[in-house]
Amino acid sequence: MLAEEDPYRQFLNYMNHEGGRILEIEFYQEQIGERFESGGTFYYFGETNYIFDSYDQRVVYHDGTITTINKVDRQVILDSAIPDEVTIFDILTGSNESIQQGKALLEKNGFRIPFTLGEWDMEGTIWTIPSSGQPREIHLKTGGDSDIRIKIISSEPGKGNDVAEINLSNYEIIDLRE
């Protein structure tokens with residue numbers, strides 16, 4: 001009898017497909033009574049290389065450098081990631097070792113994988129498709145009044161770095177790196 005693959009490991013294997021993944025996502029955040037919604041494309045090329053692109057902005061994470069491109073105001077902000085800081089993208093990539101997964105439950109619509117980030121006072125859930133590990137939704141709740149949901153609308157294998165370039169020649173560049 002073959003041992004069934006751990007649902008969280010199956011999810012990570014799905015995300016770490018050679019060539020990466022392209023996810024169409026809807027992003028919802030509620031914090032201190034304010035609600036923020038966005039949708040766009042998440043290009044995942046590995047733990048240290050991913051991009052979120054929407055109609056008004058692009059956020060690029062590459063080897064510890066965060067580049068935020070505001071397409072409306074034509075502004076680029078370069079910054080460095082804070083060591084040991086956790087982001088919602090760390091959940092998608094499995095790159096933060098402080099993620100402690102709970103016992104996965106098989107429900108009618110797939111696996112529900114609870115997790116905690118104890119040192120950050122966060123908890124959440126990943127819902128995946130059992131046959132593939134493909135994520136369907138991710139929910140993250142902090143100890144404060146913050147609630148984040150990512151709904152994955154579609155997913156496909158990446159074909160390398162096939163993200164359209166943005167001509168930044170007329171953009172203001174602000175460099176916050178030390």
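Q: Why is Glu 30 called partly exposed?
A: The relative accessibility of Glu 30 is 36%. Buried means under 20% relative accessible area, exposed means over 50%, and partly exposed lies in between (1.4 Å probe, protein chains only). Glu 30 therefore counts as partly exposed. This is a predicted model, in which local features need pLDDT of at least 70 and side-chain atom pairs count only at pLDDT 80 or more, whereas totals for chains, interfaces and linings use all residues. Residues are numbered from 1 along each chain as its sequence is written, and side-chain values use heavy atoms, with hydrogens and water left out.

Q: What makes the contact between the side chains of Glu 30 and Arg 35 a salt bridge?
A: The term requires a side-chain nitrogen of Lys or Arg within 4 Å of a carboxyl oxygen of Asp or Glu. For Glu 30 and Arg 35 the N to O distance is 3.2 Å, so the contact satisfies the definition. Glu 30 and Arg 35 also belong, with Glu 37, to a network of salt bridges. The structure holds seven salt bridges.

Q: How do you know that the side chains of Asp 53 and Arg 58 meet in a salt bridge, and are these residues buried or exposed?
A: Their N to O distance is 3.0 Å, and the pair therefore meets the salt-bridge criterion. Asp 53 has a relative accessible area of 15%, so this residue is buried. Arg 58, at 8%, is likewise buried.

Q: What makes Asp 175 and Arg 177 a salt-bridge pair, and why are both residues called partly exposed?
A: The N to O distance between their side chains is 2.7 Å, which means that the pair qualifies as a salt bridge. The relative accessible area of Asp 175 is 42%, so Asp 175 is partly exposed. Arg 177 is also classed as partly exposed because its relative accessibility is 37%.

Q: Why are strands β3 and β4 said to pair?
A: Strands pair if DSSP finds at least two bridges between them; a strand is a DSSP run (E, at least two residues), numbered from the N terminus. Five bridges connect β3 (residues 49-53) with β4 (residues 57-62) in the antiparallel sense, so the two strands pair. One bridge sets Tyr 50 against Tyr 61 of β4. A hairpin of three residues joins β3 to β4.

Q: How do you know that β4 pairs with β5?
A: Six antiparallel bridges join β4 to β5 (residues 65-70), and the pairing criterion is therefore met. Tyr 61 has Ile 66 of β5 as a bridge partner. Two residues separate β4 from β5 in their hairpin, and Asp 63 in the turn has a positive phi of about 50 degrees.

Conventions. Helix = DSSP H or I, 4+ residues; strand = E, 2+ residues; numbered from the N terminus.
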